[in-house]
Amino acid sequence: MTFAELGLESRLLKGVEAMGYTSPTPIQHEAIPHALSGKDVVGCAQTGTGKTAAFILPILQSMSPDGGVKALVVTPTRELALQIEEVARSCARFTNHRTAAVFGGVGYEPQKKKIRHGVDLLVATPGRLLDLQRRGDVNLGKVEILVLDEADRMLDMGFWPDVRRILALLPAKRQNLLFSATMSPKVLSVIGDTLDDPTEVRVGRTATPVEAIEQKLYPVDGMQKGELLVELMQQRNLDRVLVFTRTKHRADRVCRTLSRSGIKAAPIHSNRSQSQRQKALDDFKQGRVRVLVATDIVARGIDVDNISHVINFDMPNNPEDYVHRIGRTARAGAEGTAFSFLGPDETDELRAIEGLINKVIECEDLEGFEYRMRYVPSESRTAKKVHKLAYNGGALSGRGRRRSRGGRRR
Ligand code: AMP
């Protein structure tokens, strides 16, 4: 199947070709014809599947050409807003459409100016969009197509009241496209409220990690996680690594640990300013830093190609975040690896993750690493069963692992 066979016009086909896309990804193949038919569409697809172009291309084709904001994409984070706008700009390269992104954390003036000069496809985070609307800087009364991107995340982040306010400002007659990585009851209920008899397209099973990702578990005492990370980076010569921590504070600390060992790393979390976050992303993209250390909310929006490894320095509290995290590697068909450091107090999180993905993640030891204490999850555990931890005496190498005393420290 080619992009032309999906019904896209030649100006867009030229844009797609210039971006180096040769054939549509499954979500593009599924969603584009429905979206072009003018129907409301619900797309259930993880990030990394090509979902951005799946909604951008039909929008660019369907928007009417006269002035004003005709298409609005609402997305939870600034990073996502910037990335979506970048895809939109590239796809629109051979058309007359004008795109812009608006998001918080930066000055209003440049965004206002851009809108004043004429924008027909606007990508926005909810808070800033409402601010601009209240100040009279943007008119949403002509919107024909609305995209709610990462709807599950916007719900999790508490943005839905803002999204509802935005919906109230739009013409009632419009096309709605909603994308979400997961279809929780909350997402289903907002779909019921917001969309009109939508066609549902999904890629793969909901909340199943991308098949191409190799997943490994590294049981380790919490105090040794930093050392293990450094050793893993050095031994395996890892490059282009995305590390996740539970808190911003821990992200900063991990960066310092890596830097002390000569491994260039940058933090990316919501305590960093927009320009610091952008610089970290740019440095990572250009290869000036090998490791980005992120927290979940911000990381969700990172679109960097060729992330070789995702490392869960801390297990996520929310099992669905595991799926989102590891989805950052192995994008668009490339292979990737996800390592998770499992502390003795993180077994509940592991159990929830394994229950969600319906798979037991294999354990691995780092050869030669001086484990001071080791907690090894029972190998006989199954995804939904409680598994026991066995204290095995510490200071072990991968192979000659000795189990002793079934002691369990919680
Ligand atoms: P997304 O899921 O929209 O974040 O896209 C994930 C990555 O896949 C991005 O880096 C896109 O540039 C890339 N991509 C999207 N569509 C295609 C395609 N048809 N062929 C190759 N790469 C694509």
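Against which elements do the buried residues of α10 pack? In this predicted model, the buried residues of helix α10 pack against the strands β8, β9 (241-244), β11 (291-294), β12 (309-312) and β13, and against helix α11. The setting of this helix is described below, after an outline of the chain and of its two sheets.

The chain contains 15 helices and 16 strands, and buried residues account for 54% of its 410 residues. Of the contacts in the chain between residues at least 6 apart in sequence, 73% join residues that are at least 24 apart.

One open sheet of 7 strands is arranged in the order β3-β4-β2-β5-β6-β1-β7, with parallel pairing. Strands β3 (99-102) and β7 (199-202) stand at its edges and have a single partner strand each, so that one side of each is left without a neighbour in the sheet. On average, and with direction ignored, neighbouring strands of this sheet are turned by 15° against each other. Within the sheet, strand β2 (residues 71-74) and strand β4 (residues 121-124) are paired in the parallel sense over 4 bridges, and the bridge partner of V74 in β4 is A124. Helix α4 (residues 78-91) packs on this sheet, where it touches β2, β3 and β4, and its direction makes about 180° with that of β3. Helix α5 (residues 109-116), for its part, lies across β3 and β4 and runs at about 150° to β3.

A further open sheet of 7 strands, again with parallel pairing, has the order β10-β11-β9-β12-β13-β8-β14. Here the edge positions are taken by β10 (265-268) and β14, each with a single partner strand, so one side of each is left without a neighbour in the sheet. At one end of this order, β10 pairs with β11 in the parallel sense over 4 bridges, and P267 stands opposite V293 in β11. Strand β9 pairs in the parallel sense with β11 over 4 bridges, and its pairing with β12 is likewise parallel and spans 4 bridges. Two residues of β9 illustrate these pairings: the bridge partner of V241 in β11 is V291, while the bridge partner of V243 in β12 is I311. The side chains of β9 are divided between two directions, with V241 and V243 pointing one way and L242 and F244 the other way, and all of these residues are buried.

Strand β8 (residues 213-219) is mostly covered, as 6 of its 7 residues are buried. With strand β13 (residues 336-342), β8 pairs in the parallel sense over 7 bridges, among them one in which Q215 has A338 of β13 as its partner. With strand β14 (residues 362-363), β8 pairs in the parallel sense over 2 bridges, and L217 stands opposite C363 in β14. Helix α14 (residues 319-326) lies across β8, β9, β12 and β13, running at about 155° to β12.

Which residues of α10 are buried? They are K225, G226, L228, L229, V230, L232 and M233, and the elements against which these buried residues pack include β8, β9 and β13 of the sheet as well as helix α11. The packing of the two helices can be described in further detail. Helix α10 (residues 225-235) and helix α11 (residues 248-260) pack at an angle of about 50°, with their axes 10 Å apart. Because this angle is neither under 35 degrees nor over 145, and does not fall within 65 to 115, α10 is oblique to α11. The crossing in which α10 passes α11 is right-handed. On the side of α10, the contact is made by K225, G226, L229, V230 and M233, and on the side of α11 by R250, V254, T257 and L258. By character, the residues of this contact divide into 5 nonpolar, 2 polar and 2 charged. Helix α10 is followed by N237, a residue whose phi is positive, near 50°.

Note on methods. Residues numbered from 1 in each chain as written. Predicted model: local features only at pLDDT ≥ 70, side-chain atom pairs only at ≥ 80, totals over all residues. Heavy atoms only, no water. Axes fitted to C-alpha atoms, helices over the stretch in contact; angles between N-to-C directions. Left-handed = near helix turned anticlockwise from the far one by under 90°. Contact = heavy atoms within 4.5 Å. Nonpolar A, V, L, I, M, F, W, Y, C, P; charged D, E, K, R; others polar. Buried < 20%, exposed > 50% of the residue type's maximum accessible area, 1.4 Å probe, protein only. Pairing = 2+ DSSP bridges.
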